[in-house]
Number of protein chains: 2
Amino acid sequence: MMNNVQQLQTPAMVIDRAVVQRNIHHLAEYAKKVGLKIRPHTKTHKSRQVAAMQLEADAIGLAVAKVGEAAIMSAVCDDLLLAYPPVDAARATQLAALADGRAVRSAIDSTQALEVAAAAARSAQTTIGLLVDLDVGLGRTGVQSPGEALALARAIDSTVGVQLDGILVYPGHVWDPADQQRPALTAVAALLEETLDLWRRDGLEAKIVSGGSTPTAYQSHWVPQYTEIRPGTYVYNDMNTVHGGYCELKDCAARIVCTVMSDAVPGQVVIDAGSKTLTSDRCISAPESGHGYVAEYPEAKITHLSEEHGQVDVTACDRKPAIGERLTVVPNHICPCVNLQDTVWWLRPDQPLEPMAIDARGKIT
Amino acid sequence: MMNNVQQLQTPAMVIDRAVVQRNIHHLAEYAKKVGLKIRPHTKTHKSRQVAAMQLEADAIGLAVAKVGEAAIMSAVCDDLLLAYPPVDAARATQLAALADGRAVRSAIDSTQALEVAAAAARSAQTTIGLLVDLDVGLGRTGVQSPGEALALARAIDSTVGVQLDGILVYPGHVWDPADQQRPALTAVAALLEETLDLWRRDGLEAKIVSGGSTPTAYQSHWVPQYTEIRPGTYVYNDMNTVHGGYCELKDCAARIVCTVMSDAVPGQVVIDAGSKTLTSDRCISAPESGHGYVAEYPEAKITHLSEEHGQVDVTACDRKPAIGERLTVVPNHICPCVNLQDTVWWLRPDQPLEPMAIDARGKIT
């Protein structure tokens, strides 16, 4: 690694700007080729600067998980989708205020959320666009059948303050290798088609059918009903996407620089990155792989995390890292790691590291 | 729950002040009875206000994990122990500056850390007190034998800029039920005695022998060599300390208030607290218990966390929580949860909730 990484106080997150640009443009090319729009999920980076890079690369808008994230992103984007139901009055009121002069939409799966959103929009004299959240297999949120989707769509369509804009799905259950996703995504397509058919017969239109996740992003053409996809992780990638086969290590843009602070225990070194830096998230496709990938010592394994300690088994390494040595770790799951940083550092060839604030960190509501 | 909890924007952490006071005083009474000093570890609360409450209850100083935490706590305490080796010049320089007018100590397990700390102290014209970190069974950091402890103590004793203040141990491997800890702690005592005997024969004194953890806190009398203990979690407690049998549910002071945002999937509700609120830390003694304890629905089980979603299996509950209903979750591991909050809320009878900043949140170096 170049630049002044050796002078960084650790642990710190560095982000390779060229890799981010490549990841953004690679997806933009795919989407253009198959006729899909991209609405990146900003929960991964929580950064206006990165959101602006995605928008410059033809993203049509942004997805957010929280109303607080929507407020932050409203400074760079006027087309926002809250992929989360605003079931309480406080959230809905904030969302309705953001809809003044912007396209603001939300996904819902209940009439309670519908009523709260509509009341807030009427009160603010704005319109919130609503997508019906349809469960396509993850079993987390979403109405459970095309019939339920129709019922909720009808309720939205007949409610003042909101408008029916379409359907949102999240195929977060699909972690098959990319070339084996066709059956699962074909099932998603069938469920969507059945739902859309019911809507059409009822005179209801779904101008947006929003899908996607990073693991399925490049297989989105198997769901021809999609008008847009909302991947988040693809912008940085992580060991989840590497082990799943959705990218290569060279596509992992965001890494934790840390320092070896102990080698007292034989066969082990300890780094200053623990669960308060790397999180306790295991790698979904390879839970036995440990708590991240040590770039300089591929044979090393991060076996255990305490809050501020990472224990690294180095028995398989040719040489043992020295106390004070800098190591670079690719996290298992980059999104919650970014959320632990106030500031990250842009890495560019032959330039000093440049800080970037995580604008939406701490926006928990 | 009283007060304006229903108006809180969720997810939010509320802390019952009476429970915190009781936890602090309960430990203080025990320590007084067995003749031990308490140096609470502030990594749990990262709050000057809570640290001040501990110091008012006769804590002799504070333990911190990071130099940044030491800097924050230096505003309320002039006796600080960094339970972490400052192996790089930046950390050591900050630590040496804090030692101006304060008792500042650090634990180390290498001559590299010794040299860095001593150089920084000489440069700042201050003195850093050093404790030899001795591994008593966790296998994380710490010299591996009484002989190694003696060698490092000698090196410290002969180095200008630092002074040899004693020994630090962390029995973090002891998760036995309280009444079954005696054998493990007797082994710790034997190792300490062997080490101290070597030091005495060499004319070296350990005026501080610092031990303790929350699981072993009330069994510290089995290690008569201890002069002080450094528990952190005891101030708030969590499901780790409940399932370990070290406290009861009523002793859990800090809880996450969240909102039910979906009930679309049969037998399940979804709360707005996911891994960005509760963390992915499993309960050490009861990993199958799920991702926290839902106070209002003891039969519920938080089966899966996404970043902002908690899926709660309610099939065993008599009634199902409604969309919009507030639930209160006791986290598995409170320390990293506090670290995700910018502000938490003091809960007191018949008073409005009062915000408290997490002063040392984000102090990662």
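Which residue of β15(A) stands opposite Val257(A)? The exercises below work through this and related points on a predicted model.

**Exercise 1. Find the partners of strand β10 in chain A, and give for each pairing its sense and one pair of opposed residues.**

Step 1. Begin with β15(A), residues 326–330, which is joined to β10(A) by four bridges and runs antiparallel to it; here Val257(A) has Thr328(A) opposite it, which settles the opening question.

Step 2. Turn next to β1(A), residues 12–16, where the pairing with β10(A) is again described as antiparallel and extends over four bridges, with Val14(A) placed opposite Arg255(A).

Step 3. Then take β11(A), residues 268–271, which pairs with β10(A) in the antiparallel sense over two bridges, and in which Ile271(A) stands opposite Val260(A). The hairpin made by β10(A) and β11(A) has five residues between its strands, and Gly267(A) adopts a positive phi near 75° there.

Step 4. Finally, consider how β10(A) is covered: the strand spans residues 254–262, and nine of its nine residues are buried.

**Exercise 2. Determine which operation lays chain B on chain A, and describe the contact between the two chains.**

Step 1. The superposition of chain B on chain A calls for a turn of 180° with a shift of 0.0 Å along the axis, and it gives an RMSD of 0.0 Å. This is the relation of a two-fold axis. In chain B, the C-alpha nearest that axis belongs to Ser280(B), at 2.7 Å from it.

Step 2. The contact draws 48 residues from chain B and 48 residues from chain A. On the side of chain B that touches chain A, at least two residues each come from β10 (254–262), α9 (275–278) and α10 (334–338) of chain B, and the classes represented there are 15 nonpolar, 21 polar and twelve charged residues.

Step 3. To decide whether the copies meet through the same surface, compare the two sets of interface residues: 100% of those of chain B are also interface residues in chain A, so the copies do meet through the same surface.

**Exercise 3. Assign the buried and the exposed residues of helix α2 in chain B to its faces.**

Step 1. Within α2(B), residues 48–56, the buried residues are Arg48(B), Val50(B), Ala51(B) and Gln54(B). Because these residues cover an arc of only 160° around the axis, they lie on the same side of α2(B).

Step 2. A general point helps in reading such a pattern: an α-helix has 3.6 residues a turn, so residues three or four places apart point the same way.

Step 3. On the face turned away from the buried side of α2(B) are the exposed residues Gln49(B) and Glu56(B), whereas the cover over the buried residues includes α1 (17–34), β3 (62–64) and α3 (67–73) of chain B.

Step 4. Beyond the helix, α2(B) is followed by Asp58(B), which has a positive phi near 75°.

**Exercise 4. Is Ile358(B) buried or exposed, and with which residues is it in contact?**

Step 1. Locate Ile358(B) in the segment after β17 (354–357) of chain B.

Step 2. Count its surroundings: Ile358(B) has 21 C-beta neighbours inside 10 Å, and since a residue with 20 or more is classed as buried, Ile358(B) counts as buried.

Step 3. List the contacts, leaving aside neighbours within four places in sequence: Ile358(B) is in contact with Lys46(B), Ser47(B), Val338(B), Gln341(B), Asp342(B), Thr343(B) and Val344(B).

Terms used:
Residues are numbered from 1 along each chain as its sequence is written. Chains are lettered from A and ligands numbered from 1 in the order in which they are written. This is a predicted model: local features need pLDDT of at least 70, side-chain atom pairs count only at pLDDT 80 or more; totals for chains, interfaces and linings use all residues. Copies are superposed by least squares on the C-alpha atoms of residues with pLDDT of at least 70 in both. Two residues are in contact if their C-beta atoms, placed from the backbone, lie within 7 Å. A residue is buried if 20 or more other C-beta atoms lie within 10 Å of its own, exposed if 12 or fewer, and partly exposed in between; C-beta atoms are placed from the backbone. Two strands pair if DSSP finds at least two bridges between them. Ala, Val, Leu, Ile, Met, Phe, Trp, Tyr, Cys and Pro count as nonpolar, Asp, Glu, Lys and Arg as charged, and the others, Gly among them, as polar. The arc is that of the directions from the helix axis to the C-beta atoms.
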